[in-house]
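Open the model in your viewer and keep the sequence panel visible. The tour below goes from one selection to the next and says what is there.

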Amino acid sequence: MVTDTMVDSEVDVLVIGAGPTGLGAAKRLQQLNSASWHIVDANETPGGLASTDVTPEGFLYDVGGHVIFSHYKYFDDCLNEALPAAEDWYEHKRNAFCRYKNRWVPYPFQNSIAALDENEQARCLEGAIEASLRARGRDPADKPKNFDEWNLRNIGEYVTENFMRPYNFKVWAIPTTMMNATWLGERVAAPDLKQLTADVVQNKVAKPWGPNSTFRFPARGGTGGIWIAVANTLDKERTSFGEHATVTDVDADAKQATLKDGTVIKYGSLISTMAVDHLAQTMGDSRLQEMCKALFYSSTNVIGIGIRGERPGRIGDKCWVRDSSATLDARG
């Protein structure tokens, strides 16, 4: 850990922010060992928006990023190096449900309409069939203009109107018409119409979908414990965490950053994970600040709910409870 008395230095790469992305960049630079680097963060504890708050009573509240899963060996190896023992982790099978019109519908909703009543099933299937018919002959180069259009094309009008729009507005605080469709990947399921119909006829609930159907959670310290452990694998002489390491000025022309304690770090390349509008302000870049005004962002309020005694049977086997009119995380 670099102290407040650190003298001015020069590095090939300066990393601003010790959340998962910043830590990942520093970790990779350390592994490559081909360039000098330094990572700074204004918080005493690394983790950024994936850290964990601890109340005076000892309760843990994950700020965000509460699920760890991947298909990448490099990522898994990084975490396994930080937390190498089997007892460092719990492995969970996702048992997520959506609460819709007084029914528990397995997540993702659009794959599980067999759990609905017959009238709802018919409306959902009708919308999906109409969407499929409209897709015939469509030019593959004709990409959806936004997330809403993607939903209409892949899921159908009824599910889009009654679930996808209200649910995603609660998640992102932005209408689906104002979100692009480039980020979906494995985040949003596009149902297969034949399988959907077969499931309805056979009254069969779809299998778990997505890369996070099985996920790991740290045994201690909440999600933030992961990133503290990753930070502990970094060279301490190349890390500066705490209020003194707050970046107060970035001079992009001179390629140098000034910290709150007055330390000036010259760099060859900059990796910044701070909010882009904050970065623009720190750089004093009026043009970039103006561009940032067109960006959208949302915030999250984390509310902890405690239940005295045993969990009620109706939610005892469920986690990640979602509702078309509200979004809850009842990991339990």
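Which side chains meet in a salt bridge at 2.7 Å, N to O? Select Asp77 and Lys73: their side chains form that salt bridge, a term for a side-chain nitrogen of Lys or Arg within 4 Å of a carboxyl oxygen of Asp or Glu. Both residues belong to helix α2 (residues 73-82), 4 residues apart, which is about one turn of the helix. Helices here are DSSP runs of H or I with at least four residues, and strands are runs of E with at least two, numbered from the N terminus. Lys73 is exposed at 60% relative accessible area, while Asp77 is partly exposed at 36%. Buried means under 20% relative accessible area, exposed over 50%, and partly exposed in between, with a 1.4 Å probe and protein chains only.

Some notes on the source apply to every stop. This is a predicted model, in which local features need pLDDT of at least 70 and side-chain atom pairs count only at pLDDT 80 or more, while totals for chains, interfaces and linings use all residues. Residues are numbered from 1 along each chain as its sequence is written, and side-chain values use heavy atoms, with hydrogens and water left out.

**The whole chain**

Zoom out. The protein chain has 9 helices and 13 strands, and its C-alpha trace spans about 70 × 50 × 35 Å along the principal axes. Of the 332 residues, 40% are buried.

**Other salt bridges**

The structure holds 12 salt bridges. Select Arg220 and Asp88 next; their closest N and O atoms are 2.5 Å apart in a salt bridge. Arg220 sits in the loop between β8 (214-218) and α7 (222-231), and Asp88 in the loop between α2 and β5 (89-93), so this pair ties together parts 132 residues apart in sequence. Asp88 is buried, at 10% relative accessibility.

Move to Asp235 and Arg238, another salt bridge, with closest N and O atoms 3.6 Å apart. Asp235 is partly exposed at 32%, and so is Arg238 at 25%.

Then select Lys101, Glu120 and Arg123, which are linked in a network of salt bridges.

**Backbone exceptions**

Most residues other than glycine have a negative phi, and most peptide bonds are trans. Stay on Lys101: its phi is positive, near 50 degrees. Lys101 lies in the loop between β6 (96-100) and β7. Now select Tyr107 and Pro108, which are joined by a cis peptide bond with omega of about 0 degrees. Pro108 is in the loop between β7 (103-106) and α3 (118-135).

**Strand β11 and its neighbours**

Is strand β11 (residues 256-259) covered by buried residues on one side or on both? Select the strand: Gln256 and Thr258 on one side and Ala257 and Leu259 on the other are all buried. In a regular strand the side chains alternate between the two faces of the sheet.

Add strand β10 (residues 247-251), which pairs with β11 in the antiparallel sense over 4 bridges; strands pair if DSSP finds at least two bridges between them. Val250 has Ala257 as its bridge partner in β11. The hairpin of β10 and β11 has 4 residues between the strands, and Lys255 there takes a positive phi near 55 degrees. Lys255 is partly exposed, at 40% relative accessibility.

Finish with strand β12 (residues 264-272), antiparallel to β11 over 3 bridges. Here Ile265 is the bridge partner of Ala257. This hairpin also has 4 residues between its strands, and Gly262 in the turn has a positive phi of about 95 degrees.
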